[in-house]
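Me: Please take a close look at one part of this protein for me. I would like to follow its nonpolar packing in detail.

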Amino acid sequence: MMKAIIAGTGSYLPKNIVSNDDLSKLVETSDEWISTRTGIKERRITNQETTTDLAYKASVRALESSNIKAEEIDLIICATMTPDNFMPSVACVVQEMLGAIHSAAFDLSAACTGMIYAMSIAEQFIKSKTYKNILIIGSETLSRILNWEDRGTCVLFGDGAGAMVLTASEKSNGILASTLYADGSKNSILTCPAIPLDNPYNRQSKNRESKIKMEGQEVFKFAIRSVTKCIKDVLQKADLSPDEIKYIIPHQANKRIIEQSAKYSNIPEEKFFMNLQHCGNTSAASVGIALDELAKANKLNTGDYIILVGFGGGMTSGAILLKW
Ligand code: UT7
């Protein structure tokens, strides 16, 4: 059976580092509060580059590490909730920048679970033999939709992009199981409105600001429940036990969410990879950046079982289990 294997990974973070101490000059907060409540020490905040620029730079690196040429890419999916335009999509502009002239391209909106949704969709195209090589990107400039006066959210997020090239293979490696969920009944606990309805027939809703609002504790509880369930799902589907898993790469939102998820999943915390200390929460980019960091640090060996798991606005959640 045809499988989707990861042929290469890449990531890119803007150069500008913003520490917790830097943020304490903007809002009433402290390194002590942010570190102990979230595990985050610093994040990157773009001062020039767009979501498309970050996506392009991560993609170049993913293509380089895959040995697959841009012209061989059949499809580009960019998961983002901070696109630069309603149209064209980030994916279409990146296609042009890369010279991926034979690919279809679209953006995908599943908030912080975007990369997991994108991988699952790409897997279907590969399994059905529709496409051979697919470039997936998670790219975000969350800094543009943060309320920089709200200390409850602005300290959590960062900008960045992660990318990977999936390719068709008949080997036993690759994606073995996936699971996706959405619970629209909780859509109001994590929101960011788009532009208001404003036309000659309706001039009433001009005050909607495109800024993130969050009920932190509700998201926190949802996250732990979802991560635990999604991990259980993919283990069951792949008929594997937690002991056989080398790494779990969770969405990088909060160290305490990850610790609690490890506890409820009965999986040692050391297996959960964390890089939120230096990236913050980069939304759809986080799992891709983390996977690239692990891969580039030579911590993954052929045959290792890995779970990628995410949750986010919507509320969405999902996981992928793969054999490296
Ligand atoms: O991709 C998904 C995105 N979101 C998440 O994953 C977020 C999930 N939720 C969380 O991570 C946590 O709920 C937070 C880190 C956001 C907040 O932690 P918490 O332990 O739930 O704190 P809290 O909201 O209950 O606030 C406790 C106190 C409050 O003060 P009072 O009312 O007790 O006086 C807050 O005003 O901490 C205050 N506070 C802060 N203090 C210093 C909230 N943010 C800050 C801050 N610095 N940055």
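Reply: Here is a walk through the nonpolar packing, followed by a sheet and a helix. Keep in mind that this is a predicted model.

Start with the largest nonpolar core. It holds 45 residues. Six of them have the most contacts inside it: Ile 231, Ile 245, Ile 248, Ile 307, Val 309 and Leu 321.

Which elements give two or more residues to this core? They are the helices α7 (216–238) and α8 (255–265), plus the strands β11 (245–250), β12 (305–312) and β13 (316–323). Helix α7 gives the most, with 11 residues. The core also crosses a domain boundary. At least three of its residues come from domain 1 (3–171), and at least three from domain 2 (176–323).

Now zoom in on Ile 248. Leaving aside residues up to four places away in sequence, Ile 248 touches Ile 231, Ile 307 and Val 309. Its other contacts are Ile 267, Lys 271, Phe 272 and Phe 273.

A second core is separate and has 34 residues. Among them are Ala 4, Ile 175, Leu 300 and Leu 308.

Next, the sheet. Five strands form an open sheet in the order β1-β7-β6-β4-β5. The pairing is mixed. Strands β1 (3–12) and β5 (104–108) are the edges, each pairing on one side only. On average, neighbouring strands are turned by 20° against each other, direction ignored.

Inside this sheet, β4 (75–79) and β6 (133–140) run parallel, joined by five bridges. Cys 78 has Ile 137 of β6 as its bridge partner.

Finally, helix α3 (51–66) lies across β1, β6 and β7 (160–169). Helix α3 runs at about 125° to β1.

Methods
Residues are numbered from 1 along each chain as its sequence is written. This is a predicted model: local features need pLDDT of at least 70, side-chain atom pairs count only at pLDDT 80 or more; totals for chains, interfaces and linings use all residues. Side-chain values use heavy atoms; hydrogens and water are left out. A nonpolar core is a set of buried Ala, Val, Leu, Ile, Met, Phe, Trp, Tyr and Cys residues joined through side-chain atoms within 4.5 Å. Buried means under 20% relative accessible area, exposed over 50%, partly exposed in between (1.4 Å probe, protein chains only). Helices (H or I, at least four residues) and strands (E, at least two) are DSSP runs, numbered from the N terminus. Domain bounds come from an automatic or database domain assignment. Contact means heavy atoms within 4.5 Å. Two strands pair if DSSP finds at least two bridges between them. Axes are lines fitted to C-alpha atoms, for helices over the stretch in contact, and angles run from 0 to 180 degrees between N-to-C directions.
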